[in-house]
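Open the model in your viewer and keep the selection tool at hand. The stops below say what to select and what is there.

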Amino acid sequence: MNIFTRIIAVATFAVAAIGVTTPSEAGFFTSFKPKPSLVATVSLSEQRMYLKVTDERGKTQKYVWKVSTGTSGFDTPRGQYRPTWLSKDHKSSQYDDAPMPYSVFFVNGVAIHGTEAVSKLGSRASHGCVRLATENAAAFYNAVQAYGKYNTKIIVTN
């Protein structure tokens, strides 16, 4: 057996031993696959959250929801964040155990969460958090859980 044939035989055996049969199965093309992601952009001036959900096939869905953000003196922090932790049935320790269902915390105790005060959505009404209708907060919370905190970006803009 010549040297080239031996190299091919060893390579074929190694590939079979680790269970890889094609370059795509080996992950060669994985860098070209779309990465699933969530991007939530909160517009303070519009009092809206724009959610862009991209699945692992690259298909994107977009949602627009009314929000309530921080009133004067309780500004919602601007910037770009990733979620830090989630709490499905959170109660505020600062504000008389106020319910904060489906909380996705992103900076210094500030979260995107559900509210019963839906009549105030579309105007500034919170102590800094981003409030959503509870069904929208649940959808966002579940998406963050499914896609992962690392694949979620929260952007708060003017």
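Which strands does helix α2 lie across? Select residues 134–147 to find out: helix α2 lies across β5, β6, β7 and β8, and runs at about 45° to β6. Bear in mind throughout that this is a predicted model.

**The whole chain**

Zoom out to the full chain of 158 residues, 36% of which are buried. The chain holds 2 helices and 9 strands. Followed along the sequence, these elements come in the pattern α-β-β-β-β-β-β-β-β-α-β. Of the contacts between residues at least 6 apart in sequence, 53% join residues at least 24 apart.

**The sheet**

Now select the strands under helix α2 by name. β5, β6, β7 and β8 form an open sheet in the order β5-β6-β7-β8, with mixed pairing. Color β5 (85–91) and β8 (130–133): these two strands stand at the edges, and because each has a single partner strand, one side of each is left without a neighbour in the sheet. From one strand to the next, the twist averages 25°.

Stay with the pair β5 and β6. How do these two strands run, and how many bridges join them? They run antiparallel, and 6 bridges join them. In general, strands of a sheet pair through backbone hydrogen bonds, either parallel or antiparallel. To see one place where the pair meets, select L86, which stands opposite V104 in β6.

**S87**

Select S87, which is found in strand β5. Is S87 buried or exposed? Its relative accessibility is 15%, and buried means under 20%, so S87 counts as buried. Beyond residues up to four places away in sequence, S87 touches M100, Y102, S103, F105 and Y141. Show these five side chains together with S87.

**The largest pocket**

Next, select S92, Y95, M100, H113 and C129, which lie nearest the centre of the largest pocket. The lining of this pocket has 26 residues in total. β6 (99–107) and β7 (110–115) are the elements that give two or more residues to the lining. By class, the lining consists of 10 nonpolar, 13 polar and 3 charged residues. How much space lies in the largest pocket? The value is about 510 Å³. M100 belongs to both stops, as a contact of S87 and as a residue of the pocket lining.

**Two loops with a positive phi**

Most residues other than glycine have a negative phi, and most peptide bonds are trans. Select Q47 in the loop between β1 (37–43) and β2 (48–54). Phi of Q47 is near 55°, which is positive although the residue is not glycine. Q47 has 3% relative accessibility and counts as buried.

Then move to N108, in the loop between β6 and β7. Phi of N108 is also positive, near 45°. N108, with a relative accessible area of 75%, is exposed, whereas Q47 is buried.

**A125**

The last stop is A125, in the loop between β7 and β8. Which residues is A125 in contact with, leaving aside its neighbours within four places in sequence? They are S68, T69, T71, K120 and R131. Draw a line from A125 to S68: the two are 57 residues apart in sequence, while their C-alpha atoms are 5.6 Å apart in space.

Methods: Residues numbered from 1 in each chain as written. Predicted model: local features only at pLDDT ≥ 70, side-chain atom pairs only at ≥ 80, totals over all residues. Heavy atoms only, no water. 1 Å grid on protein atoms, 1.4 Å probe; cavity = no way out; pocket = protein on both sides within 12 Å on 5 of 7 lines; lining within 4 Å. Points joined across faces, edges and corners; volume = space filled by probe spheres on them. Helix = DSSP H or I, 4+ residues; strand = E, 2+ residues; numbered from the N terminus. Nonpolar A, V, L, I, M, F, W, Y, C, P; charged D, E, K, R; others polar. Pairing = 2+ DSSP bridges. Axes fitted to C-alpha atoms, helices over the stretch in contact; angles between N-to-C directions. Contact = heavy atoms within 4.5 Å. Buried < 20%, exposed > 50% of the residue type's maximum accessible area, 1.4 Å probe, protein only.
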